[in-house]
Amino acid sequence: MNIPETQKELLAYLSSITREVRHRPLSCYTTAEIARTLTISRNLASQYLNDLVRAGLVVKAGSRPVHYFHRRNLERVLHAELSDLSFTSVEALLSGTDDARSGFESIVGRNGSLARAIEQLRAAAKYPPHGLPVLMVGPYGSGKSYLARMMFEYSKDEGLIPSDARFVRIKCSDFGASERLLKGLEENGAWMGESCAGYLYLEDADTLDEEILCRIDALLDNRHEGDGPLPHIVFSITRDGKGTECRQLVQLAPMVVSIPAYKERPLEEREELALTCLRDEGQRMGADVYISRGALRRLADAAYPDNVYGLRAAVLQCCAEAYLGCRDNRLEIRTYQLPSSLISGGAVEYGERDDALIEVARNMESQEEARPVQLLDAMLAMYDLYRSGSLSEMELLDRLSAKRRDFEDYLSFEDPSIPARVAAWERLIGEVLDDVNGAYSTNLSKLSARLLAREIGLQLYSSASLARWRSAHGDELEGMLAVLKQQQSFATTVTEGVADSLSSALGIEPDALTRLLFALHVFATQGQVSSRRCLGVILSHGYSTATSIADAANRILHARVFEAIDMPYDQQVKDVIGSLRQLVERFSYCDEMALLVDMGSLEDIDRGLGPLSNMTLGLINNASTGLAVEVGAGILSGKAIADILQSASELCTCRYRILEKSMRQEAVVFCSESGIDAAEKIRALVLQSFEREPSVRLIACDYRQLVTNGCEDAVFGEYNVRAIIGTADPNVSSVPYVALEDLIANEADGPVNRVLSHILDPKELSSFHQNMLKNMTLRNVVESITILNPDRLFSEIELAVDKLERLTGKKIDARSTIGLYVHLCCLVERLVTHNPIEAYAGEDAFIEKNRVFIDAFRASFSDISARYHVEVPVAEVAYVFDYITSRRVARKRALGMNELESQQDE
């Protein structure tokens with residue numbers, strides 16, 4: 001298109017000011033103002049602007065004056081595509097491009113994870129005469145305040161509160177005493193008066209004291225009495241609401257609404273939330289935002305401690321990173337621009353291509369269809385083949401039945417988002433199906449009830465993609481139902497009867513998809529039953545044992561062979577005779593019945609059942625899944641019942657094996673963080689305490705190797721290790737550890753005795769302890785584990801520990817001092833031999849929290865550092881701190897237990 005230079009100048013000017021439409025007065029976009037700014041005549045400006053509208057480059061809105069906007073840049077600002085070029089008003093232009101949904105309808109997850117919560121909030125807002133108080137429970141950042149605001153907007157839209165009502169948000173944890181909170185409420189006009197007829201949102205309500213709660217209770221009483229305009233109250237807490245401190249809140253707010261954490265929501269919703277955050281950020285910047293599939297999946301799949309707040313922070317960070325490379329208002333976000341914690345998480349499938357970009361303004365839905373939609377599309381494909389003439393009606397029904405089995409497997413094993421209330425429906429639906437079985441002589445089982453309950457749950461709490469699928473393919477669903485009705489009128493008749501009963505019992509009207517799936521289930525079930533010659537029944541003790549065995553065997557056999565009767569433990573045989581008779585009557589067309597029972601009195605159940613007319617009964621005990629599969633295979637092959645049970649009883653005899661215990665030699669392991677030489681010296685000291693060569697092996701091992709390998713170390717495979725003795729615990733969970741200082745202090749009799757009592761008699765054990773007292777002195781141990789001058793080192797350590805106590809102002813008890821001497825001797829030797837501990841998990845946090853201790857330790861150790869020309873790393877200081885702290889905690893616990901025992905003795 002050949003555009004005059006002045007018209008190009010006008011278009012460029014309109015482009016620049018349209019990007020700032022949020023910040024400029026609307027008068028800037030009128031013909032008169034544009035003409036004045038560009039110093040051209042008003043008529044010429046009007047002509048050029050209307051030419052640009054006709055060319056699709058500009059949109060106009062309103063009349064007298066008319067406002068003009070650059071079309072593409074306005075789309076960028078609004079993050080929406082403009083299909084029209086002319087609007088009756090600027091307001092119509094903006095509202096027409098915004099999402100038509102408002103309030104709860106605009107919330108991501110309104111038909112999914114938040115469906116139940118939104119249903120409760122609507123009910124609380126509308127509850128007569130003045131609504132119900134609400135307690136929202138959910139982790140920080142999960143969207144409680146946003147939902148409270150949407151409840152407020154919903155109430156205004158529905159006319160439940162005045163249009164000028166206010167939403168007042170108070171964070172209770174910011175106020176200390178109740179007087180301060182009352183003052184804050186009054187300053188916000190949220191407590192009493194004409195302006196308080198809106199919503200009062202009390203965040204962190206579990207911090208409210210009893211005085212405030214009593215005031216709120218009185219306020220609610222006034223509200224129930226209709227005493228003037230009072231606020232709707234919404235509480236929110238981050239804990240589960242089950243503790244005693246939250247009990248009064250639950251009493252004040254009977255409507256408790258649970259909000260899931262971000263990670264608990266379905267992946268489809270998390271992707272939509274990420275796209276929504278990107279869309280909002282792009283709209284704020286006035287840029288077109290694109291994101292790669294891999295980056296989107298990582299954003300959606302990350303676990304944020306702050307939930308949705310954390311997602312928004314991550315989106316803001318990656319948008320800021322990508323903004324440096326922004327060209328022509330196009331912002332492209334790829335995986336490498338995400339926060340490093342998301343890139344290194346490693347929890348995302350790497351199959352996502354990072355070169356495929358998604359425009360967030362035009363792709364507000366998940367880029368992958370949900371699993372149920374994929375399965376339903378497969379059914380739709382079969383119907384398309386039928387309509388094209390490629391399939392007959394019966395072929396269509398057979399293929400739909402096969403696809404229906406895939407969908408039922410998804411509901412049984414894959415669907416993670418089944419609401420808890422669906423499980424509660426199963427029993428009631430089971431009673432409905434029992435009545436239907438009696439009315440139509442059908443064979444709908446507990447499995448049928450479970451599947452129908454989950455199908456209804458999927459209908460009421462479907463994801464956004466599934467809800468759209470149902471809406472888009474309603475005609476096709478009705479068409480498939482019509483074919484089924486024409487070919488299998490019995491299945492559709494039963495389905496309609498079930499639908500009527502469900503409407504009466506639960507108030508739920510199954511939709512076309514639910515009715516189709518259940519009708520196909522009835523069709524498949526009745527088709528299998530009608531061809532039976534032999535009825536298989538499993539009767540077993542337990543609340544669902546028989547049902548589980550029957551379901552497993554039917555799945556393995558790919559056919560409905562077995563029915564199940566569960567016999568709870570509090571029932572007697574006579575109580576299940578009636579259920580068995582009903583099965584016999586329902587399958588009266590069968591010639592034979594294979595009855596599998598588990599044990600005891602059920603083996604004689606035929607006596608209570610009495611003679612069966614026109615049916616041969618075969619009964620076999622020790623029912624199990626393996627036996628059911630063998631019997632079921634025989635039934636499907638058409639064998640006689642006698643041959644089936646004889647063959648199954650021979651094949652399913654019990655078999656057993658005995659695995660002899662391994663005869664590994666018992667051992668005690670010695671270790672030291674100073675190395676294997678120090679461990680060997682400790683081993684030698686202990687060995688000297690035996691009067692004869694012990695039958696238990698004493699083995700010196702490398703400490704760091706034990707820490708790295710844990711119970712997978714070779715020594716634990718070769719020997720039956722009874723204990724580990726050393727200067728530091730390698731944390732091998734399967735083997736008890738005995739600290740060297742406990743041996744020195746003679747406080748390890750219990751653990752040592754447990755190891756040695758079965759290889760030493762009482763006299764030898766007593767002699768061993770006496771020798772230990774002589775050999776395991778602190779000086780002997782220090783001399784054994786160090787290559788340095790032990791007398792000097794011992795004296796220097798003693799001075800250092802004394803100085804450390806004075807600088808920290810904390811006394812180290814005698815038992816801890818012994819271990820600390822050993823630990824510090826090992827530390828000095830490690831530093832002198834240039835083999836220090838250099839790594840400590842959380843070192844930065846340790847430095848931040850324990851600077852005083854670090855300075856005190858280095859000051860007390862300064863003489864030793866100067867003498868040996870060494871410097872103590874922070875990691876070594878941290879391990880000394882952990883040792884002292886852990887010993888103090890252990891001592892306090894021991895003292896507490898002793899006091900408790902003393903009190904009990906008294």
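1. A residue is called buried here when its relative accessible area is under 20%. By that rule, the buried residues of helix H7 are Lys144, Ser145, Leu147, Ala148, Met150, Met151, Phe152, Tyr154 and Ser155. Please keep in mind as you read on that this is a predicted model.

2. What do those H7 residues pack against? Their partners are helix H6 (115-126), strand E4 (134-137), strand E5 (167-171), strand E6 (199-203), strand E7 (232-237) and helix H13 (308-323). The length of H7 (residues 144-157) also checks out: at 1.5 Å a residue, its 14 residues should span 20 Å, and the end C-alpha atoms are 20 Å apart, which agrees. Just after the helix comes Gly159, with a positive phi of about 75°.

3. Now for the overall picture. The protein has 906 residues, and 50% of them count as buried. It contains 40 helices and 19 strands. If you take the contacts between residues at least 6 apart in sequence, 72% join residues at least 24 apart. The exposed surface comes to about 44800 Å², with carbon and sulfur atoms supplying 48% of it.

4. Towards the start of the chain, have a look at the open sheet of three strands, ordered E2-E1-E3 with mixed pairing. Strand E2 (67-70) and strand E3 (86-87) are at the edges with a single partner strand each, so one side of each has no neighbour in the sheet. Strand E1 (residues 58-61) runs parallel to E3, and two bridges join them. In one of these strands, E3, Ser86 is the bridge partner of Lys60. Helix H1 (residues 5-18) packs on the sheet, where it touches E1 and E2, and its direction makes about 90° with that of E2.

5. Thr31 belongs to helix H2 (residues 31-38). Is this residue buried or exposed? Thr31 counts as buried, because its relative accessibility is 8%, and the cut-off for buried is under 20%. Leaving out residues up to four places away in sequence, Thr31 touches Arg42, Ala45, Ser46, Leu49, Val66 and Tyr68.

6. The largest nonpolar core has 45 residues, of which Ile429, Leu433, Leu452 and Val498 touch the most other members. Two or more residues each come from helix H15 (371-387), helix H16 (393-414), helix H17 (420-440), H18, helix H19 (464-472), helix H20 (474-487), helix H21 (489-505) and H22. The biggest giver is H22, with nine residues. As background, nonpolar side chains tend to be buried together in soluble globular proteins.

7. Leu452 is worth a click in your viewer. Setting aside neighbours within four places in sequence, Leu452 is in contact with Ile429, Leu433, Val498, Leu502, Thr514 and Phe518. There is also a second, separate core of 32 residues, which includes Val801, Leu804, Phe853 and Tyr868.

8. Ala453 lies in helix H18 (residues 446-460) and counts as buried, since its relative accessibility is 0%. Its C-alpha atom is separated by 7.0 Å from that of Ile429, although the two are 24 residues apart along the chain.

9. Last, a charged residue to look at: Arg515, in helix H22 (residues 512-530). Arg515 is buried, with a relative accessible area of 17%, against a cut-off of under 20%. Which residues does Arg515 touch, not counting those up to four places away in sequence? They are Glu478, Leu481, Thr495, Glu496 and Pro510.

Key:
Residues numbered from 1 in each chain as written. Predicted model: local features only at pLDDT ≥ 70, side-chain atom pairs only at ≥ 80, totals over all residues. Heavy atoms only, no water. Pairing = 2+ DSSP bridges. Helix = DSSP H or I, 4+ residues; strand = E, 2+ residues; numbered from the N terminus. Contact = heavy atoms within 4.5 Å. Axes fitted to C-alpha atoms, helices over the stretch in contact; angles between N-to-C directions. Buried < 20%, exposed > 50% of the residue type's maximum accessible area, 1.4 Å probe, protein only. Areas by Shrake-Rupley, 256 points an atom, 1.4 Å probe, with all protein chains shown as cover. Core = buried A, V, L, I, M, F, W, Y, C linked by side-chain atoms within 4.5 Å. Expected span 1.5 Å × (residues − 1).
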